[in-house]
Amino acid sequence: MKGSFKMTDMRAIGVTRYRPIEDPESFTTFFEPKSTPTNHDLLVKIIATSVNPVDTGVRQGIQTPLKQPKVLGWDAYGTVEATGEAVSLFQPGDRVMYAGSFIRPGTDSEYQLVDERIVGHAPKHLKPAEIAAMPLTSLTAWEALFEQLHIPVDNAAETHGKTILIINGAGGVGSVATQLARMAGLKVIATASRPETIAWTKAHGANEVVNHRQDLVQQVRDLGVTFVDYILELSDLNQHWHEITELIAPSGHIVSITGSDQPIDLRALKQKRATFAWEWMYTKSYYQTADMISQHKILEQVSQLLDSGQLRSTLTKTLFPINADNLRAAHRLVESHHMMGKVVITNEHE
Ligand SMILES: NC(=O)c1ccc[n+]([C@@H]2O[C@H](COP(=O)([O-])OP(=O)(O)OC[C@H]3O[C@@H](n4cnc5c(N)ncnc54)[C@H](OP(=O)(O)O)[C@@H]3O)[C@@H](O)[C@H]2O)c1
């Protein structure tokens, strides 16, 4: 633990330089002054947080030593402690959930400032860890399906008879996307490669499961499906690009949330006049877009769906409490690229 503690300080856990996750010094615990919220900001006391691939990716990118540790973490369940003068959606004491901004200090901290427009009220009937599993993946899946693929949220007549292929059905995002796509009335073909991820994907709404370690085109055609209307790519765009261009229907729609380390050849879509879109969950807060408050609205709907049982938390692993050792354990799990659902670190069980 670095520095000396003052009564106005808060504890945070950060990274000063990339070290392999086996290294006990891959995270640093330190103290810094607790911030005062202004404008649209909430000061939130973090109760539970989760780890996503973005955390391990950003940690791996810190190759030059930093003077101040970088605080990671983009999923939170917590309590509003104080509000800025422009805040209108929340008040102190509210229980909230959010993913946060890519360019502000993260959730691996005792307290955090976050803009109210990207925060939702937490569901009332779930446990802290079940809630913290959901914000980032739900926002990503929701925006990808309902904003970037333009699938109607609530119009079964329009989605009737249409099929979506979800590549990586059992990961954090896929476990939510599969549920939402099925809820929207689509037939869902999702991918998974192991007995437990295949069973999990079926339990979360997939009508059919195909193996992403084998030829997807052949397996989908073997199901009697020549083309799919939508494709949601959640693993490695370059690796699956050829299969995607083969399987997408004429006038179909594709969205990807992963990076592309090689250029992708959009010409492959011209003859089918299929569309391609990116989803980045951070776009709205990064650019402070006029529709940034839509993330508040999405999280409010997700909260209601969780409370009504229409959407299930994707929590599979809980660690207690939030500290550097448990962050290392969670990062190790996510780095394995075999996560099923989500890992959460919590300070409270109930
Ligand atoms: N753009 C955005 O806003 C955004 C948001 C969230 C995440 N992401 C990115 O999206 C990706 C997925 O995130 P996540 O949190 O869902 O990941 P995750 O939970 O770590 O995904 C783990 C799953 O990936 C599956 N998998 C491994 N290799 C695969 C392959 N070759 N093809 C298909 N699936 C494979 C594994 O299934 P098996 O073990 O059964 O093989 C495992 O269940 C990451 O790259 C992440 O950085 C982007």
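Two strands are taken as paired where DSSP finds at least two bridges between them. With that criterion in mind, this tour moves through a predicted model, beginning with the sheet to which the criterion applies.

**The parallel sheet**

Select β8 to β13 and colour each strand separately. Six strands form an open sheet here, in the order β10-β9-β8-β11-β12-β13, and their pairing is parallel. At the edges are β10 (208-210) and β13 (275-278), each of which pairs on one side only. From one strand to the next, the twist averages 20 degrees.

Next, restrict the selection to β11 (residues 228-233) and β12 (residues 248-256), which pair in the parallel sense over five bridges. Display Leu232 and look across to β12, where Val255 stands opposite.

**The nonpolar cores**

Keep Leu232 displayed, as it is among the residues with the most contacts inside the largest nonpolar core. That core has 78 residues; to find its best-connected members, add Tyr98, Leu145, Ile151, Ile164, Ile166 and Leu180 to the selection. Helix α3 (residues 135-148) gives the largest share of the core, with seven residues. Colouring by domain is instructive at this point: the core lies between domain 1 (9-134 + 285-346) and domain 2 (138-278), because both give residues to it.

Centre the view on Leu180. Beyond the residues up to four places away in sequence, Leu180 touches Ala141, Trp142, Leu145 and Phe146, and also Leu305 and Leu311. Apart from the largest core lies another, of 19 residues; select Ile167, Val225, Val228 and Ile244, which are among them.

In soluble globular proteins, nonpolar side chains tend to be buried together.

**A loop before β11**

Move to Thr226, in the loop between α7 (216-222) and β11. Is this residue buried or partly exposed? Thr226 is partly exposed, with a relative accessible area of 46%. Its contacts, leaving aside neighbours within four places in sequence, are with Arg221 and Leu247. Now select Arg332 as well and draw a C-alpha to C-alpha distance: Arg332 and Thr226 are 39 Å apart in space and 106 residues apart in sequence.

**Backbone details**

Three further stops concern the backbone.

- Select Arg273, in the loop between β12 and β13. Its phi is positive, about 45 degrees, although the residue is not a glycine. The relative accessible area of Arg273 is 64%, so the residue is exposed.
- Select Gln288, in the loop between α9 (283-286) and α10 (294-308). Gln288 is likewise a residue other than glycine with a positive phi, here near 50 degrees.
- Select Phe320 and Pro321, which are joined by a cis peptide bond with omega of about -10 degrees. Pro321 belongs to the loop between β14 (315-319) and α11 (324-335).

**The whole chain**

Finally, zoom out and show the full cartoon. The secondary structure comprises eleven helices and 15 strands. Along its principal axes, the C-alpha trace spans about 65 × 45 × 35 Å. How does the radius of gyration relate to that of a compact globule with 350 residues? The protein has 20 Å, which agrees with the value near 20 Å for such a globule.

Colour by accessibility to view the buried residues, which make up 54% of the 350 residues. Contacts can be displayed last: among those between residues at least 6 apart in sequence, 69% join residues at least 24 apart.

Notes:
Residues numbered from 1 in each chain as written. Predicted model: local features only at pLDDT ≥ 70, side-chain atom pairs only at ≥ 80, totals over all residues. Heavy atoms only, no water. Helix = DSSP H or I, 4+ residues; strand = E, 2+ residues; numbered from the N terminus. Axes fitted to C-alpha atoms, helices over the stretch in contact; angles between N-to-C directions. Core = buried A, V, L, I, M, F, W, Y, C linked by side-chain atoms within 4.5 Å. Buried < 20%, exposed > 50% of the residue type's maximum accessible area, 1.4 Å probe, protein only. Domains from an automatic or database assignment. Contact = heavy atoms within 4.5 Å. Rg over C-alpha atoms; globule rule 2.2 N^0.38 Å.
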